[in-house]
Structure formats: structure tokens, C-alpha cells
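Reader: Could you take me on a close look at one part of this model, the disulfide and what surrounds it in the fold? I'd like one connected walk-through rather than a list.

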Amino acid sequence: MSTIKLTSQNFDSEISEGTVLVDFWAETCGPCRMMGPILEKIASEHPEYKIGKVDVAAESDLASQFGISAIPTFIVFTNGKEAARSVGAMPEGAVLDFIKG
């Protein structure tokens with residue numbers, strides 16, 4: 001499985017079940033681009049987790065809804081509810097630990 005592009009149209013349905021890591025990012029953000037391959041690797045190696053990406057430039061309403069003021073911001077949702085939040089790039093192991101809680 002690969003990462004999922006999240007938009008205001010599919011956001012609620014995609015985060016409604018299971019554990020979902022959402023990456024709020026932008027193309028112009030260096031640390032965000034650095035996280036891309038790490039998140040793709042986790043998505044392909046850990047099908048038990050869903051990894052979604054919200055482009056804050058294209059989806060400013062979602063960014064506002066979740067109070068995103070710095071990127072990358074990662075939010076873990078469990079069955080549709082926010083469970084954890086972290087700001088800033090991190091290595092693969094730290095991402096996995098963050099998802100697991």
C-alpha cells in the first residue's frame with residue numbers, strides 16, 4: 001500500500017477506521033519532502049497502518065480545521081479521533097514509535 005492523498009472530500013471517510021497517520025505537508029517545505037520516502041516505505045511495509053497526506057497549500061480548510069501552524073505536522077487518528085500530534089521531521093523508527101503510541 002502507498003500513501004493516500006487526503007482532501008476535504010475523502011478525509012473523514014479515510015480516517016474513520018483503524019490507525020491512520022496524517023502528514024500535513026507542502027511541496028515547498030524541505031523537511032516535508034524529506035519525509036515523503038520514509039512515509040512511502042512505512043506505508044508499503046506496514047499495511048496495518050494507513051498513511052495519508054494533506055497538502056496544506058491545496059487543502060487550507062483542513063489545515064485550518066486542525067490548527068496546523070507549522071509543517072510537517074503529523075497527527076495519528078484512531079477510529080476517527082485524534083490520538084497524538086507531532087511537529088517536525090523525524091527518522092523512520094521515531095515515526096513507527098509515534099504511530100504505535
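Author: Let's start with the handedness of that link: the bridge between Cys-29 and Cys-32 is right-handed, with 75° about the S-S bond. Bear in mind that this is a predicted model, so everything here is read off computed coordinates. The two sulfurs of Cys-29 and Cys-32 sit 2.4 Å apart, and a search of the whole structure turns up one disulfide. Are its two ends buried or exposed? Cys-29 has a relative accessible area of 10%, so it is buried. Cys-32 comes in at 1%, so it is buried as well; the cut-off for that word is under 20%.

Now for the helix and the sheet. Helix H2 covers residues 30–45, and it lies across E2, E3 and strand E4 (73–78), running at about 155° to E3. The sheet itself is open and has five strands, in the order E1-E3-E2-E4-E5, with mixed pairing. Its edges are strand E1 (4–5) and strand E5 (81–87), each of which pairs on one side only. Another helix, H4 (residues 92–100), lies across E2, E3, E4 and E5, at about 130° to E2.

Which way do E2 and E3 pair? Strand E2 (residues 19–25) and strand E3 (residues 50–55) go together in the parallel sense, over six bridges. Within that pairing, Asp-23 stands opposite Lys-53 in E3, and Trp-25 has Asp-55 in E3 as its bridge partner. Going from E2 to E3, the chain passes through H2, and this β-α-β crossover is right-handed. E3 also runs parallel to E1, to which it is joined by two bridges. There Lys-53 turns up again, this time as the bridge partner of Lys-5.

Asp-23 deserves a stop of its own. This residue is found in strand E2, and with a relative accessible area of 0% it is buried. What does Asp-23 touch, once its neighbours within four places in sequence are left aside? Its contacts are Leu-39, Gly-52, Lys-53, Val-54, Pro-72, Thr-73 and Phe-74. Of these, Lys-53 is the residue we just met opposite Asp-23 in E3. If you want a ruler across this region, the C-alpha atoms of Asp-23 and Phe-66 are separated by 12 Å, and the two residues are 43 apart along the chain.

Phe-66 brings us to the aromatic rings. A pair of aromatic rings is described by the distance of the centres and the angle of the planes. The count here comes to four aromatic pairs. In one of them, the rings of Phe-24 and Phe-66 have centres 5.9 Å apart and planes at 50°, so that pair is tilted. Phe-24 belongs to strand E2, while Phe-66 sits in the loop between helix H3 (60–65) and E4, so the pair ties together parts that are 42 residues apart in sequence. Phe-24 is at 0% relative accessibility and counts as buried, and Phe-66, at 15%, is buried too.

Phe-66 has another ring partner in Phe-77: this aromatic pair is edge-to-face, at 5.6 Å centre to centre with 80° between the planes. Phe-77 is in strand E4 and Phe-66 in the loop between H3 and E4, so here the parts tied together are eleven residues apart in sequence. Like Phe-66, Phe-77 is buried. Put the ring pairs together and you get a cluster that links Phe-11, Phe-24, Phe-66 and Phe-77.

Methods
Residues numbered from 1 in each chain as written. Predicted model: local features only at pLDDT ≥ 70, side-chain atom pairs only at ≥ 80, totals over all residues. Heavy atoms only, no water. Disulfide = S-S within 2.5 Å. Buried < 20%, exposed > 50% of the residue type's maximum accessible area, 1.4 Å probe, protein only. Pairing = 2+ DSSP bridges. Helix = DSSP H or I, 4+ residues; strand = E, 2+ residues; numbered from the N terminus. Contact = heavy atoms within 4.5 Å. Axes fitted to C-alpha atoms, helices over the stretch in contact; angles between N-to-C directions. Right-handed = clockwise from strand over helix to strand, strands pointing away. Phe/Tyr/Trp six-rings, centres within 6.5 Å; stacked < 30°, edge-to-face > 60°.
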